[in-house]
Amino acid sequence: KRQVLVFSDDYVLVDGRNRKLNEEQKRRALRNGLTTTLAAMPPGSQVVLLADAPRSTVNAPKCLEREPRDMSACLTLRVPASAARIDATIRRAVREGGGAYRTLHDRICPYEPCPLVQGDLLIYKDKGHLTVTFTQQLAPSLRAELAPFLPAPLPPEPELSATPLPAAEPDDAFVLDPTPPPSEPPDAFVLDPTPQPSEPPA
């Protein structure tokens with residue numbers, strides 16, 4: 001297939017001895033991993049990397065339970081410095097590998113500090129995940145970001161015509177003549193009204 005979509009995430013990275021990588025090691029590992037992955041894609045592949053959602057520094061629901069009257073106590077920075085540096089590394093690696101980079105960051109966190117609520121929807125269900133309801137609201141934005149890379153939709157099927165068919169003409173072989181033909185008695189049953197001469201007795 002020509003269209004390939006790669007999703008990235010910002011999980012904790014560890015080395016072969018299960019030791020957590022520091023920021024510089026993490027950036028190097030991400031860059032090398034993306035470079036290797038993009039180079040291994042089949043020829044003609046179109047790669048789109050979707051950035052991770054911005055993370056909250058607090059567990060939003062639990063914080064709101066503790067601070068029901070002060071939502072500002074639960075806000076988080078829009079782009080922490082370390083996240084910005086890692087994001088720049090990923091962008092550069094994708095661009096150098098011939099891929100495209102897309103993000104919904106501005107849709108999720110449109111200003112500083114990041115809101116916890118948009119309208120009447122809670123954004124975060126914990127530190128690193130969005131609520132299902134809010135994620136559903138992101139569908140049109142995600143579709144718009146990916147539309148340039150996806151095949152054009154197929155044209156709709158033509159609608160069937162509702163025009164009634166013309167009435168069928170009767171077949172001549174089945175047309176009945178309502179006029180009955182004149183009936184003639186068979187020759188064997190025709191009586192001659194002329195009397196026959198009588199034979200004299202012998």
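Here are three short exercises on the structure above, each with a worked solution.

The model is predicted, so local features need pLDDT of at least 70, side-chain atom pairs count only at pLDDT 80 or more, and totals for chains, interfaces and linings use all residues. Residues are numbered from 1 along each chain as its sequence is written, and side-chain values use heavy atoms, with hydrogens and water left out.

**Exercise 1: helix 1**

Find which residues of helix 1 are buried and work out what they pack against.

Step 1. Locate the helix: helix 1 spans residues 23-39, where helices (H or I, at least four residues) and strands (E, at least two) are DSSP runs, numbered from the N terminus.

Step 2. Pick out the buried residues, meaning those under 20% relative accessible area, with exposed over 50% and partly exposed in between (1.4 Å probe, protein chains only). In helix 1 these are Lys26, Leu30, Leu34 and Leu38. They cover an arc of only 85° around the axis, which puts them on the same side of helix 1; the arc is that of the directions from the helix axis to the C-beta atoms.

Step 3. Recall the geometry: an α-helix has 3.6 residues a turn, so residues three or four places apart point the same way.

Step 4. Look at both faces. The buried residues pack against strand 2 (46-50) and helix 3 (81-96), with contact meaning heavy atoms within 4.5 Å. Thr36 and Ala39 are exposed on the face turned away from the buried side.

**Exercise 2: the nonpolar cores**

Identify the largest nonpolar core, then look for another one.

Step 1. Apply the criterion: a nonpolar core is a set of buried Ala, Val, Leu, Ile, Met, Phe, Trp, Tyr and Cys residues joined through side-chain atoms within 4.5 Å.

Step 2. The largest such core has twelve residues, including Val58, Cys63, Ile108, Tyr124 and Phe134. Apart from this largest core lies another, of nine residues, among them Leu30, Leu34, Ala51 and Tyr101.

Step 3. Zoom in on Tyr124: beyond its neighbours within four places in sequence, its contacts include Pro54, Ala60, Ile108, Leu116 and Leu130.

**Exercise 3: Thr76**

Decide whether Thr76 is buried or exposed, and find its polar partner.

Step 1. Thr76 sits in the loop between helix 2 (60-66) and helix 3.

Step 2. Its relative accessible area is 2%, so Thr76 is buried.

Step 3. The side chains of Thr76 and Thr57 are joined by a polar contact of 2.9 Å (a pair of N or O atoms within 3.5 Å; within protein, one must be able to donate a hydrogen and the other to accept it, and residues adjacent in sequence count only if both atoms are side-chain atoms).
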